[in-house]
Amino acid sequence: MDNIAAHLSAIRDKISASARRAGRDPSAVRLVAVSKTHPAGAVVDAAATGQTVFGESRVQEARDKIPACPPGLEWHFIGHLQKNKVRQALPLFSFFHSIDSTALAEAMNRIAGETGKKVEGLLEVNVSGEETKHGFTPDQLRAEFPALGRLPHLCIRGLMTMAPYSDNPEDARPVFRALRELRDELQSAHGHPLPELSMGMSGDFEPAVEEGATLVRVGSSIFGARPSNNEK
Ligand SMILES: *Cc1c(COP(=O)(O)O)cnc(C)c1O
């Protein structure tokens, strides 16, 4: 408990300092506490410090964990969502960071429509071009964005990316900057507001905030290391 509270407080301070360095309002950045692989008890401890937004990347794990957590928390999905899990995922999560293909977006739109709901989320962009990463390439997104923006049950609020792993957070900065520039470009080309940028994890959230992140997804710096075979 003490650890989680102390880690959260240190991260909130760093987010605020990074925002101020860039002339941004610290309250424009929301911290998503990534609780994947960690038990409900860890969420309880984080929630006791006032943390309200939590991120999970597996539907089955979230189905088991969320009912064991305090009510009133906001659950965000951040992992790769398989189309055959959409029906289970929609009622569990209020926000989806990782809509990574047009096929997935269409499936989410269709299933949300069946229940008369709207899904809110972000389009994931593979800015760095790493083959192991999910998401639209920037050129794909330029081509497919107009149709995505017209899906009636999908509310696209912005973009998300993951930077390649590196020991040096500065290596991630060009990726974050490119995501912001792509957002600016799409926003003005299509007149579609894209206020949210989800970028930055434990190793690189400071440059992400400086480059305009409105959502940072931090796991291991809050809750401790995960088993390495269970990253997603
Ligand atoms: C696991 C995960 C995170 C959190 O990573 P940490 O390095 O533990 O902070 C953030 N975003 C996504 C998409 C993840 O899968």
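User: Is lysine 65 buried or exposed?
Analyst: This is a predicted model, in which local features need pLDDT of at least 70, side-chain atom pairs count only at pLDDT 80 or more, and totals for chains, interfaces and linings use all residues. Residues are numbered from 1 along each chain as its sequence is written, and side-chain values use heavy atoms, with hydrogens and water left out. A residue is buried under 20% relative accessible area, exposed over 50% and partly exposed in between, using a 1.4 Å probe and protein chains only. Lysine 65 has 7% relative accessibility, so this residue counts as buried.

User: Which residue meets lysine 65 in a salt bridge?
Analyst: A salt bridge puts a side-chain nitrogen of Lys or Arg within 4 Å of a carboxyl oxygen of Asp or Glu. For lysine 65 the N to O value is 2.7 Å. The partner has 0% relative accessibility and therefore counts as buried. That partner is glutamate 56.

User: How many salt bridges does a search of the whole structure find?
Analyst: One of them joins glutamate 74 and arginine 30, whose closest N and O atoms are 3.1 Å apart. Searching the whole structure gives a total of 17.

User: How many residues apart are glutamate 74 and arginine 30?
Analyst: Helices (H or I, at least four residues) and strands (E, at least two) are DSSP runs, numbered from the N terminus. Glutamate 74 is in strand β3 (residues 74–77) and arginine 30 is in strand β1 (residues 30–34), so the pair links distant parts of the chain. Glutamate 74 is partly exposed at 28%, and arginine 30 is partly exposed at 31%. Their separation along the chain is 44 residues.

User: Which residue forms a salt bridge with arginine 177?
Analyst: The N to O value for this pair is 3.0 Å. Arginine 177 belongs to helix α7 (residues 173–190), and its partner is in the loop between α8 (205–210) and β8 (215–218), 34 residues apart. Shared partners join Arg21, Glu170, Arg173, Arg177, Arg180, Glu210 and Glu211 into one network. The partner of arginine 177 is glutamate 211.

User: Which residues form one aromatic cluster?
Analyst: Rings of Phe, Tyr and Trp (its six-membered ring) pair if their centres lie within 6.5 Å; planes under 30 degrees apart count as stacked, over 60 as edge-to-face and the rest as tilted. Phenylalanine 77 and phenylalanine 93 are edge-to-face, at 5.1 Å centre to centre and 70 degrees between the planes. The rings of phenylalanine 93 and phenylalanine 96 have centres 5.9 Å apart and planes at 65 degrees, so this pair is edge-to-face. The cluster is formed by Phe77, Phe93 and Phe96.

User: How many disulfides are counted?
Analyst: A disulfide is a pair of cysteine sulfur atoms within 2.5 Å. Cysteine 69 is buried at 9%, whereas cysteine 155 is partly exposed at 25%. The disulfide count is zero.

User: What share of the ligand's exposed area does the protein bury?
Analyst: A polar contact is a pair of N or O atoms within 3.5 Å; within protein, one must be able to donate a hydrogen and the other to accept it, and residues adjacent in sequence count only if both atoms are side-chain atoms. A side-chain N or O atom of serine 202 is 2.5 Å from a ligand oxygen, and a polar backbone atom of serine 220 is 2.7 Å from a ligand oxygen. Accessible areas come from the Shrake-Rupley method with a 1.4 Å probe; for residues, only the protein chains shown count as cover. Taken alone the ligand exposes 390 Å², and the share the protein buries is 94%.
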